[in-house]
Amino acid sequence: MAEKDKPWLFRTYAGHSTAEKSNALYRSNLQKGQTGLSVAFDLPTQTGYDSDHVLARGEVGKVGVPVCHLGDMRTLFDQIPLEQMNTSMTINATAPWLLSLYIAVAQEQGADTRKLQGTVQNDLIKEYLSRGTYICPPKPSLAMITDVAAYTREHLPKWNPMNVCSYHLQEAGATPQQELAYALATAIAVLDDLKTKVPEENFPAMVGRISFFVNAGIRFVTEMCKMRAFTELWDEITRERYGIEEPKFRRFRYGVQVNSLGLTEQQPENNVYRILLEMLAVTLSKNARARAVQLPAWNEALGLPRPWDQQWSLRMQQILAYETDLLEFGDLFDGNPVIAAKVEDLKQGARDELRLLDEMGGAISAIDYMKSRLVEANAERLNRIEANETVVVGVNRWEQGEPSPLTAGDGGIMVVDPAVEQEQIKRLQAWKADRDEGAVEAALAALRLAAQEGRNVMPASIAAAKAGATTGEWAGVMRQVHGEYRGPTGVAASPSNRTEGLEEIRDAVDAVSTRLGRRLKFVVGKPGLDGHSNGAEQIAFRARDCGMDITYEGIRLTPEQIVARAQEEDAHVVGLSILSGSHLPLIEDLMQRMRAAGLSHVPVVVGGIIPDEDAERLLEMGVTRVYTPKDFQLNRIMMDIVALVEPGSAAA
């Protein structure tokens with residue numbers, strides 16, 4: 001029998017509720033054959049807020065595990081020997097802090113930190129473009145990325161200090177060429193800065209430690225070619241731009257989570273096939289095979305997956321790796337002229353885009369441009385689905401089907417107990433009560449000085465972690481020193497010339513605006529910490545093109561801010577988008593504030609991943625319409641909005 005290659009790392013992206021419950025899930029998954037950990041943190045942790053902050057309300061433990069301090073991190077990895085583990089932490093703005101907590105826990109366990117293996121995502125540039133968990137402006141954020149890298153060179157030689165993440169670029173609508181170019185431009189920006197922070201003789205090895213985290217969509221032949229293009233372009237860039245001679249330091253090393261954007265709420269069982277096909281894109285070609293794979297669960301378009309759902313995704317990987325003969329062969333596509341032509345086409349498109357970005361001054365200078373291009377590309381993708389040019393089975397073709405037994409009973413998802421938030425806040429308060437305040441203040445003062453003086457923040461961050469500082473306090477120092485940042489929305493206020501297929505809606509908007517005496521005003525807001533802005537952007541983008549007067553200020557607003565803006569703008573309709581599962585507490589707060597402000601006559605429409613029973617509760621609160629991912633026809637939503645503000649209508 002042919003000798004098999006070693007399989008990739010098997011991971012599931014996991015974390016929820018509390019550190020204790022997440023720890024139990026990790027240990028269970030490891031017993032089931034998972035070979036690495038991939039930690040999901042909740043939104044307050046990702047954006048640098050403690051669980052008791054006003055912006056954290058409703059978000060604690062929803063999309064990941066809350067980690068406020070060393071005690072939480074200690075609990076998260078209880079009975080998991082970190083010296084033997086390969087841990088990926090999906091964390092960006094707070095990456096220096098979470099890595100500091102990880103190092104502190106490892107040292108408590110008696111681990112040799114030089115043996116620690118894993119990755120912090122630590123890609124801030126894509127946060128401005130697609131995910132939205134940034135804190136500080138781009139330049140100081142770039143400095144923190146390279147601070148982590150420079151520190152690991154000396155102290156954690158097996159750690160991947162930066163994971164260029166193109167995953168969310170595709171989730172935001174990027175074409176394969178854009179995904180290639182924007183990810184590679186990010187890597188170039190990081191390496192250009194890192195080159196100034198490490199000895200020249202150590203730089204090639206640091207280039208070899210940069211890894212990537214990519215997406216693989218349903219067009220799996222194109223996606224497989226994209227991975228081959230990534231591999232070849234990275235080799236080209238590291239050799240020609242940076243003069244890296246050692247082949248192993250030019251190797252394109254990547255992990256993958258396959259596409260979640262294409263998972264459907266309708267006929268969710270179809271998602272199993274989508275996930276399998278997308279996994280093939282990153283495993284079939286040996287020369288461009290992923291080093292680590294994590295798969296979403298079939299029900300992630302519905303809500304939080306249960307342990308059984310994650311097990312099912314893990315089994316998919318294990319069957320491919322151990323039951324099939326895939327790992328017994330060399331690359332299956334070398335010499336294939338069709339594949340070679342497609343790879344070259346993708347490479348040339350990426351080179352052209354990279355050249356343009358370079359002319360603009362690189363990725364940091366081109367953030368606004370890249371954001372607007374992603375919003376446009378996503379709008380074009382949705383247009384193709386609406387026009388049935390792109391077929392999505394169960395969505396715009398073969399929509400009728402049998403009820404899914406997978407969603408019967410408990411609804412097919414895990415629901416986080418609302419009591420989790422208060423319990424976490426109590427633990428945070430107890431932690432603060434027990435710590436040495438003087439030591440914390442001294443550690444934070446040292447951290448502030450390091451940041452002000454431009455020194456590497458990692459040593460001071462580790463000291464602050466050990467002293468008992470919290471996530472919110474660490475991020476508070478960074479906000480004080482560098483300021484906060486509001487990223488571009490990619491949605492210009494001025495109307496575009498894209499009116500094809502919108503004539504009827506534009507006429508309706510003009511007619512109702514005439515009767516109202518001014519242009520129909522639509523305020524779109526994203527309450528809470530959810531940075532997944534695709535839906536809000538596309539609604540605002542389409543509403544603008546339909547002739548409405550829109551206000552969309554981007555992510556991370558409090559209900560109070562949204563209500564104030566609705567009052568200032570004299571809004572006719574308020575639209576809210578929430579995908580983090582925090583819709584009930586946030587919208588309840590907002591509706592109470594709307595009534596208190598005398599705006600109960602203004603219709604409020606809500607979109608997000610919202611179970612049917614939650615939708616009913618929102619309607620009871622006074623919400624006028626609830627939309628979920630199955631409501632993909634944006635033009636129909638636009639006509640609903642026009643009807644809601646028609647003078648004298650029942651909804652007005």
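1. Asp 570 is partly exposed, with a relative accessible area of 44%, where partly exposed is the class between buried (under 20% relative accessible area) and exposed (over 50%), computed with a 1.4 Å probe on protein chains only. Asp 570 has a positive phi of about 55° although it is not a glycine, and Asp 570 sits in the loop that links α21 to β13; helices (H or I, at least four residues) and strands (E, at least two) are DSSP runs, numbered from the N terminus.

2. On the basis of the values: this is a predicted model, in which local features need pLDDT of at least 70 and side-chain atom pairs count only at pLDDT 80 or more, while totals for chains, interfaces and linings use all residues. Residues are numbered from 1 along each chain as its sequence is written, and side-chain values use heavy atoms, with hydrogens and water left out.

3. Gln 267 also has a positive phi, about 45°, although it is not a glycine. Gln 267 is placed in the loop between β9 (254–257) and α11 (271–281), and Gln 267 counts as buried because its relative accessibility is 18%.

4. One open sheet is built from five strands in the order β2-β3-β4-β5-β6, with parallel pairing; two strands pair if DSSP finds at least two bridges between them. Its edges are β2 (13–14) and β6 (159–160), each of which pairs on one side only. Within this sheet, β2 and β3 run parallel and are joined by two bridges, and Ala 14 has Val 39 of β3 as its bridge partner. Between β2 and β3 the chain passes through helix α1 (residues 19–31), and this β-α-β crossover is right-handed, a term that applies if, with the strands pointing away from the viewer, the path from the first strand over the helix to the second runs clockwise.

5. Strand β3 (residues 37–40) is covered on both faces, with Leu 37 and Val 39 on one side, Ser 38 and Ala 40 on the other, and all of them buried. This can be read against the general rule that side chains in a regular strand alternate between the two faces of the sheet. Four bridges connect β3 with β4, again in parallel, and Val 39 has Met 89 as its bridge partner in β4.

6. Strand β5 (residues 117–120) pairs with β6 in the parallel sense over two bridges, with Gly 118 standing opposite Trp 159 of β6. Helix α4 (residues 95–108) packs on this sheet and touches β4 (86–90), β5 and β6, while its direction makes about 150° with that of β4; contact means heavy atoms within 4.5 Å, and axes are lines fitted to C-alpha atoms, for helices over the stretch in contact, with angles from 0 to 180 degrees between N-to-C directions.

7. The largest nonpolar core has 174 residues, of which Met 73, Leu 76, Met 89, Phe 212 and Met 548 touch the most other members; such a core is a set of buried Ala, Val, Leu, Ile, Met, Phe, Trp, Tyr and Cys residues joined through side-chain atoms within 4.5 Å. Helix α8 (residues 176–194) gives the most to this core, namely twelve residues. A second, separate core of 25 residues includes Ala 566, Leu 586, Val 623 and Val 626.

8. A further open sheet, also of five strands in parallel pairing, has the order β12-β11-β13-β14-β15, and its edge strands, β12 (549–552) and β15 (625–627), each pair on one side only. Neighbouring strands of this sheet are turned by 20° against each other on average, direction ignored. Strands β11 (residues 521–525) and β13 (residues 573–578) run parallel and are joined by four bridges, Val 523 having Val 574 of β13 as its bridge partner. Helix α20 (residues 534–545) lies across β11, β12 and β13, at about 160° to β12.

9. Which residues of α22 are buried? They are His 583, Leu 584, Leu 586, Ile 587, Asp 589, Leu 590, Met 591 and Met 594, and their cover includes α21 (559–569), β13, β14 (604–608) and α23 (612–621). The 14 residues of α22 (residues 583–596) should span 20 Å at 1.5 Å a residue, which agrees with the 20 Å between its end C-alpha atoms; the expected span is 1.5 Å times one less than the number of residues. Gly 598, which follows α22, has a positive phi near 75°.

10. His 168, in helix α7 (residues 167–171), counts as buried because its relative accessibility is 11%. Not counting residues up to four places away in sequence, His 168 touches Lys 126, Ser 130, Arg 131 and His 532.
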